[in-house]
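These are my notebook entries on a structure that I had not looked at before. I wrote down each thing that I looked up, in the order in which I came to it.

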Amino acid sequence: MAALTDLTLADLAKAMAKKEASAVEVADAHLKKLDEHRALNAFITETPDKAREMAKASDARRAKGEAGLLEGVPLAIKDLFCTEGVQTTAGSHILEGFVPPYESTVTTNLWKAGAVMVGKTNLDEFAMGSSNMTSHFGGVENPWKRRGDNRKLVPGGSSGGSAAVVAAYMVPGSTGTDTGGSIRQPASFCGIVGLKPTYGRCSRWGVVAFASSLDQPGPFARTVEDSALLLQAMSGHDPKDSTSAPLPVPDFAAAARNSDIKGLRVGIPKEYRVDAVSAEIVALWDKGVEMMKAAGATIVEVSLPHTKYALPAYYIVAPAECSSNLARYDGVRYGLRVPGKDLIEMYQNTRGAGFGKEVRRRVMIGTYVLSAGYYDAYYKKAQQIRALIARDFKQAFEKCDVLLTPTAPTAAFAAGEKMDDPVTMYLNDMFTIPASMAGLPGISVPAGVDKDGLPLGLQIIGRAFDEETMLKAAAALEKDTFDCLLVDLDMPGLSGIDVIAKAKELCPDADAVVLTGKSSLETAIAALRHGAFDYLTKPCRLIEIESLLKRVAEKKQLKQRARALGGELDLEVLRLVAGEQRDPRTASRAAGVQRAGEPRRAFVNLGEREAAVARDDARVRRRARDRAGEEVGDLHRCRRQVMCEAAAIGPNFRTHLWILARTRTCEAFLRCPSRLSTTPTSR
Ligand code: GLN
């Protein structure tokens with residue numbers, strides 16, 4: 001079995017259900033990761049003792065046959081959710097040392113489902129920000145780095161800690177809150193899935209308030225299915241929150257497992273094509289449109305005419321609400337108190353020392369727009385705009401079922417960049433804020449990488465309380481997101497370098513590359529070292545180098561096993577591609593593709609097993625090691641089949657060894673560089 005920390009939440013739950021691991025073992029494996037990645041500063045408070053205690057209780061429940069949906073699954077909680085007996089700071093000095101005597105509804109629901117808390121994650125102070133740089137407890141580092149550039153990047157915000165811990169495989173899932181984009185934007189920056197539910201789906205009770213009419217808790221995970229599982233456990237009506245929707249909780253996980261979007265109408269809002277968006281983001285968006293089309297969806301252009309007013313209106317509504325919500329932090333009831341000569345001075349001293357710059361800015365803006373004389377000009381106007389924005393969406397959803405947009409206008413930026421101008425920072429949320437203003441659900445799914453190898457997300461926005469359709473569309477996007485180039489290095493008569501050069505020529509913009517082949521490992525490593533793969537994503541390159549290096553050692557053994565199983569497999573491959581056993585269906589498909597004159601589209605849809613190889617070659621190898629010959633044989637059978645299909649595309653199989661495979665999940669290609677930074681060849 002793969003390392004416990006590498007498993008998705010769903011697989012982890014399955015492994016525990018099958019008794020392959022206990023909750024205590026799972027907790028320990030993840031706590032070890034917390035130790036390894038402490039430098040990311042992703043946690044404000046770690047709770048290892050509590051985690052072990054909860055895990056023990058979980059094992060006991062399972063022994064009694066009382067396992068919940070998330071039984072034994074370790075989670076990290078944004079430090080904005082009140083947790084009984086565990087410090088809750090909201091990333092602010094003013095709440096430092098505050099230990100709530102109660103538990104938020106969302107976390108209560110998670111613990112009821114059997115989940116285990118490993119700690120409270122860092123965030124922008126009171127969730128105000130897009131970079132995690134406004135936290136009193138210091139910034140969080142994104143586990144990703146730009147290719148060839150060692151500068152620290154921000155994880156996005158405000159739920160940056162919660163995104164970073166999932167991206168760095170410290171936990172399979174976490175909670176965040178999204179007021180204007182604080183789940184979706186950090187998910188995009190960290191290459192994971194982030195889901196903001198419909199306003200009212202998850203209770204806000206016990207969540208430190210920022211802007212009450214916008215705040216909404218939601219999950220982070222590495223796959224759409226995992227995010228759905230978390231949402232399912234988090235949601236539900238709560239009489240303690242008057243805005244909580246009295247609706248039953250649908251089977252979100254089932255929706256996420258069904259990626260059939262044939263006939264689904266996907267709206268593309270034309271107003272989101274603004275100048276501030278880079279060509280790269282536009283290209284990613286176009287790619288998303290193509291994928292949805294290929295999966296059977298109908299694409300419709302829709303108009304959301306008030307989009308450009310969403311951001312300015314948000315920056316009136318959100319500060320207005322925050323200025324009243326934060327009035328409660330006065331040095332009397334919670335956390336910090338800085339004495340003064342009288343009550344007023346004590347308030348002033350406490351608030352002056354307790355709040356950071358961004359929070360003070362927002363409280364002042366909020367107080368201003370709510371003050372007599374300005375209320376009508378600003379606050380009321382903003383509320384009117386909000387109504388128009390909601391109406392735009394309502395009209396758009398008459399023509400479509402979901403909307404597809406970019407999540408953020410850029411990839412993650414370096415700590416310190418964009419810091420001097422608040423307006424530039426505010427623009428981060430230009431694509432997420434409109435849905436927030438309308439209370440609609442949105443999900444960010446990793447969809448590609450930028451020129452520096454950094455992850456980029458696409459957003460699906462759904463109708464109110466129709467997370468199910470949104471999840472389905474997100475699952476379809478996830479399935480088809482990554483163009484993965486499968487390169488077989490064992491091409492007779494061609495050196496590994498030639499093979500790679502050819503592959504690069506044929507497919508210059510693949511997102512990830514999986515190298516297969518049992519005989520040219522040294523060549524591959526040399527090629528990688530010489531940068532022949534410079535169009536690859538950095539994480540993939542590192543993974544491949546790492547696994548290839550490992551494999552050099554295992555090569556001999558593998559070869560022996562393969563021989564014992566199938567003899568000279570390569571010879572067989574040659575015979576097959578020579579034509580005798582060509583599958584006529586594949587051949588006609590290939591011919592059609594060729595006629596269309598689009599070599600880039602000439603991908604072969606791989607079957608389940610081959611996709612598994614492409615998806616996680618390393619895992620297959622690991623299993624192969626464990627289960628001796630059997631799996632090695634499988635691996636080779638897959639390769640053979642893949643190569644036959646490639647051969648069917650053209651007469652000369654040597655020039656068609658490249659195959660564009662659409663992989664089911666991007667996960668294998670989205671490993672964090674920091675996890676692999678010990679690899680000798682990392683640069
Ligand atoms: N970045 C936005 C802001 O600073 C959104 C924050 C959030 O969603 N909590 O207000």
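**Entry 1: the ligand**

How far is an oxygen atom of the ligand from a polar backbone atom of Gly 129? I kept in mind that the model is a predicted one, and I read off a distance of 2.9 Å between that oxygen and the backbone atom of Gly 129. I then looked at side chains, and noted that a polar side-chain atom of Tyr 314 lies 2.7 Å from an oxygen atom of the ligand, while a polar side-chain atom of Ser 158 lies 3.5 Å from a nitrogen atom of the ligand. On its own the ligand has 290 Å² of accessible area, and the protein covers 100% of it. I counted 15 residues around the ligand, of which the closest are Gly 180, Ser 182, Tyr 314, Arg 362 and Asp 429.

**Entry 2: Thr 179**

I went next to Thr 179, which I found in the loop between strand S4 (173-178) and helix H6 (184-190). Is Thr 179 buried or exposed? I entered Thr 179 as buried, because its relative accessible area is 2%. Its side chain is joined to the side chain of Asp 215 by a polar contact of 2.7 Å. Leaving aside residues up to four places away in sequence, I listed what Thr 179 touches: Phe 210, Ala 211, Leu 214, Asp 215, Tyr 314 and Ser 436. I marked Tyr 314 in that list, since Tyr 314 is also among the residues closest to the ligand.

**Entry 3: the chain as a whole**

I stepped back to the whole chain, which has 683 residues, 60% of them buried, and which contains 24 helices and 14 strands. Of the contacts between residues at least 6 apart in sequence, 78% join residues at least 24 apart. I noted an accessible surface of about 25,300 Å² for the chain, with 53% of that surface belonging to carbon and sulfur atoms.

**Entry 4: helix H7 and its link to helix H8**

How many of the eleven residues of helix H7 (residues 224-234) are buried? I found that eleven of the eleven are, and the buried residues include Glu 225 and Asp 226, along with Leu 229, Leu 230 and Leu 231. After H7 comes Gly 236, and I recorded that its phi is positive, near 130°.

Glu 225 held my attention, and I found that it forms a salt bridge with Arg 257, in which the closest N and O atoms are 2.7 Å apart. Because Arg 257 lies in helix H8 (residues 252-257) and Glu 225 in helix H7, the pair ties together parts that are 32 residues apart in sequence. The two partners have unlike surroundings: Glu 225 is buried, with a relative accessible area of 18%, whereas Arg 257 is exposed, with a relative accessible area of 52%.

**Entry 5: other salt bridges**

I noted a total of 24 salt bridges in the structure, and I followed some of them. Glu 467 pairs with Arg 201, the closest N and O atoms being 2.8 Å apart. Glu 467 is in helix H16 (residues 467-480) and Arg 201 is in the loop between strand S5 (193-196) and strand S6 (216-221), so that the pair links distant parts of the chain, 266 residues apart. I checked burial for this pair too, and both Glu 467 and Arg 201 are buried.

Glu 46 forms a salt bridge with Arg 38, with 2.9 Å between the closest N and O atoms. Here I entered Glu 46 as partly exposed, at a relative accessible area of 27%, and Arg 38 as partly exposed, at 43% relative accessibility.

**Entry 6: Arg 328 and a surface patch**

I found Arg 328 in the loop between helix H10 (307-325) and helix H11 (343-354), and its 29% relative accessibility makes it partly exposed. A polar atom of its side chain lies 2.9 Å from the backbone oxygen of Asn 325.

Which residues make the nonpolar surface patch of about 280 Å²? I wrote down Tyr 368, Tyr 374 and Tyr 378. Tyr 378 belongs to helix H13 (residues 375-399) and counts as partly exposed, because its relative accessibility is 33%.

Technical notes. Residues numbered from 1 in each chain as written. Predicted model: local features only at pLDDT ≥ 70, side-chain atom pairs only at ≥ 80, totals over all residues. Heavy atoms only, no water. Patch = residues over 30% accessible without salt bridge, like charges linked within 9 Å, V, L, I, M, F, W, Y side chains within 5 Å. Areas by Shrake-Rupley, 256 points an atom, 1.4 Å probe, with all protein chains shown as cover. Salt bridge = Lys/Arg side-chain N within 4 Å of Asp/Glu carboxyl O. Helix = DSSP H or I, 4+ residues; strand = E, 2+ residues; numbered from the N terminus. Buried < 20%, exposed > 50% of the residue type's maximum accessible area, 1.4 Å probe, protein only. Contact = heavy atoms within 4.5 Å. Polar contact = N/O pair within 3.5 Å; in protein donor to acceptor, adjacent residues only side chain to side chain. Near = heavy atom within 4 Å.
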